[in-house]
Amino acid sequence: MFATILENVRKTCPLVHNITNYVTVNDCANIVLACGASPIMADDIGEVAEITALCAALNLNIGTLNSRTIDSMLLAGKTANELGHPVVFDPVGAGASRLRTDTALRLLNEVKFTVIRGNVSEIKTLAAGSGTTKGVDADVADRVTEENLGEAVAFAKAFAAKTGAVVAITGAIDIVADAKTACCIRNGHPMMSSITGTGCQLSAMTAAFVAANPDKPLEAAAAAVCAMGLAGELAHARLAPYEGNATYRNRIIDAIYHLTPAMLEKGASYEMR
Amino acid sequence: MFATILENVRKTCPLVHNITNYVTVNDCANIVLACGASPIMADDIGEVAEITALCAALNLNIGTLNSRTIDSMLLAGKTANELGHPVVFDPVGAGASRLRTDTALRLLNEVKFTVIRGNVSEIKTLAAGSGTTKGVDADVADRVTEENLGEAVAFAKAFAAKTGAVVAITGAIDIVADAKTACCIRNGHPMMSSITGTGCQLSAMTAAFVAANPDKPLEAAAAAVCAMGLAGELAHARLAPYEGNATYRNRIIDAIYHLTPAMLEKGASYEMR
Amino acid sequence: MFATILENVRKTCPLVHNITNYVTVNDCANIVLACGASPIMADDIGEVAEITALCAALNLNIGTLNSRTIDSMLLAGKTANELGHPVVFDPVGAGASRLRTDTALRLLNEVKFTVIRGNVSEIKTLAAGSGTTKGVDADVADRVTEENLGEAVAFAKAFAAKTGAVVAITGAIDIVADAKTACCIRNGHPMMSSITGTGCQLSAMTAAFVAANPDKPLEAAAAAVCAMGLAGELAHARLAPYEGNATYRNRIIDAIYHLTPAMLEKGASYEMR
């Protein structure tokens, strides 16, 4: 199933509009190119509606949100909704400040999202309407483990039902769910958390996958999550003993560049719940 | 000829002021260092005039333009003009939104540029005063090929005559032209288009080359275009089978770092028209 | 001594709030992760106080300062002072424009810094209240050499006494001083100056080191400077002949990732004065 999803990205080369943070923006652009799509970054309120209209999907990321870009995100999101374009939301750091939480909730309220991707603490903050995320990483107490997986799946499905979005909670075990079905994914490598922006990159790539597979948002988001995790595995296997997180960052994008539909189909490690 | 151009960059180490986008800014800084020059990034209206005065050249790039930086670009450009400093313009995405097209035209109207570098769709937008660029890549219909090369050269010369700038249209075949002479360049590798920002990097490096060779803007711009293409060839030859666009990005900058005047002279593949 | 300093970073994984420039921000985030800490970047005035409160240290860098972020830096700095959190200041380009010099002096006046790290021209600008830095690199005339080292140490101690901060002047020879003691460091490699942002990265890492060793700011800052220089040495030793500044950038961060307390203890090259 995931082979076709990736084939469609490579065939259609969708253009993806990103309003994202300045920390990981270059990696987001390069991973979108690596998967076969094309990125454009534009955040001024004077052009975001036109740029969104030109693109096949929109990716909103609040990693370094500011008063200028929040309005741009709202306008771009509403425009994408009017045009029926898929919209991915990455609520980076929701729960870490009132501004982030309020902005995330406002976006959730005013924009209909196709996929919401975050770590478990960020998604819990969105679901609860408040939170206490410690920075941009998930709280240890929140983490999804084999023990609490059933509960986490039920939570993801419920939040998907409430929002109408596919919900992707990523971590050691990833959950991608709509209201009825969840895909639990066990690809990836722990060292991915020592790179800034693997989550941001995944959200940008998810927008490309959903754009190329507009009728299958659950499968597309799950395929993107598997692809990222698999790239993390492949890249780690190729690290020399002295290579660390900076080289690993490049190798993950390289692995996406060389990932074939057959490799994704074979390497994806998931179960449906 | 190009050997001396690069030697002058290495000898004079010009300081280059960049007002550029936040997507590729780090790569722009590193490639300016790689070629032997020194970058400074500064975009606040309160300091751009002073920073420009301190530098030997200015590079303006509208890749993530916004209401704050547009005014800074205008002021920096006018200041550079008053001081007789060379100014390079990269109209990223001109034609993709009214804001980009209008800003590009306004800059063209109020600032005298030494070199204008873009893909063919961006340059056509500037020449026509409007356009429909699809994102930040050139439209397939616009592409310069062996078949339409004569026509494209005439167009580049005419736009150079109109603006008084050297016009660099980059793509599979690159054209660098002033009103009378065009240099058609066949260096480069198709994989360069799978990296974000090779165009932005080239514009930043062009500013360094023009700064170090102020009386030869055509030769300096052509040398920079050849150097970038040659770096793309050298870097590609060194890629391991599993290395993709992220590693390729690093290797291109590495190749510029190690490029000698003799290598550039020998490897440059061009004809004058 | 430095072994324990690094061990404490790895053990406590401090969260570091960075308000920094958009040129080198990704590298700053990755080096903070590499040393064992965790970065968060946030610069909107609406959230910086909360984010600072959440973190163990604050790093302020004026590399691409603008009217919006200057107020955010002041607020974050004052908040960190109220909470007793360590604050690192990197006055990038102080002396290159009136805006940079004035902003640096205003920050120095309104915020109490734990560590001030810059090149010698930037620090001299702060001490004199004005300056004529050429861009973001130290003036040749200012450089610390074996000949003027005694004078430079006296200057660093005097500025440390005046500000109450540990002063880190980095260059070919680094000086890290409080009012009474200076540590002169001879780690590093000349090629580090061909990468953008090694200074920015060092400042971000210094914030992590100071956060994990709050009672030893001199030792922590000196250990960070030694670690960065040692990483530069180790990374350079591993460069293939065709690898240049872009790969070197990655390898330095990689070297920090793999740096053990014992390696730092053994490799640190310094003398107390």
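What should the 17 residues of helix 4 (residues 67–83) of chain B span at 1.5 Å a residue, and how far apart are the end C-alpha atoms of this helix? The model considered here is a predicted one. At 1.5 Å a residue, helix 4 of chain B should span 24 Å, and its end C-alpha atoms lie 25 Å apart, which agrees.

The surroundings of this helix may be taken next. Thr69(B), Ile70(B), Ser72(B), Met73(B), Ala76(B), Gly77(B), Thr79(B) and Ala80(B) are the buried residues of helix 4 of chain B. An α-helix has 3.6 residues a turn, so residues three or four places apart point the same way. The cover over the buried residues of helix 4 of chain B includes strand 1 (15–19), helix 3 (48–54), strand 3 (57–61), strand 4 (87–90) and helix 5 (98–110) of chain B. After helix 4 of chain B comes Gly84(B), which has a positive phi near 75°.

The strands of chain B lead to its sheet. This is an open sheet of 9 strands in chain B, with the order 2-1-3-4-5-6-7-8-9 and mixed pairing. At its edges stand strand 2 (38–41) and strand 9 (270–272) of chain B; each has a single partner strand, so one side of each is left without a neighbour in the sheet. On average, and with direction ignored, neighbouring strands of this sheet are turned by 20° against each other.

Within the sheet, strand 1 and strand 3 of chain B are paired in the parallel sense over 4 bridges. Ile19(B) has Leu60(B), in strand 3 of chain B, as its bridge partner. Helix 8 (residues 198–212) of chain B packs on the sheet and touches strand 1, strand 2, strand 3, strand 4 and strand 5 (115–118) of chain B. The direction of helix 8 makes about 160° with that of strand 3 of chain B. Helix 2 (residues 25–34) of chain B lies across strand 1 and strand 2 of chain B, and runs at about 155° to strand 2.

The relation between chains remains. Chain C is superposed on chain A by a rotation of 120° with 0.0 Å of shift along its axis (RMSD 0.0 Å), which is the relation of a three-fold axis. The C-alpha of Tyr22(C) is the one in chain C nearest the axis, 3.6 Å from it. The copies use different surfaces, as 11% of the contact residues of chain C recur in chain A.

To this contact chain C gives 27 residues and chain A gives 29 residues. On the side of chain C that touches chain A, helix 2 of chain C supplies the largest share, 6 residues. The residues of that side divide into 14 nonpolar, 6 polar and 7 charged.

Notes
Residues numbered from 1 in each chain as written. Chains lettered and ligands numbered in written order. Predicted model: local features only at pLDDT ≥ 70, side-chain atom pairs only at ≥ 80, totals over all residues. Contact = placed C-beta atoms within 7 Å. Helix = DSSP H or I, 4+ residues; strand = E, 2+ residues; numbered from the N terminus. Nonpolar A, V, L, I, M, F, W, Y, C, P; charged D, E, K, R; others polar. Expected span 1.5 Å × (residues − 1). Buried ≥ 20, exposed ≤ 12 C-beta atoms within 10 Å, placed from the backbone. Least-squares fit on C-alpha atoms with pLDDT ≥ 70 in both. Pairing = 2+ DSSP bridges. Axes fitted to C-alpha atoms, helices over the stretch in contact; angles between N-to-C directions.
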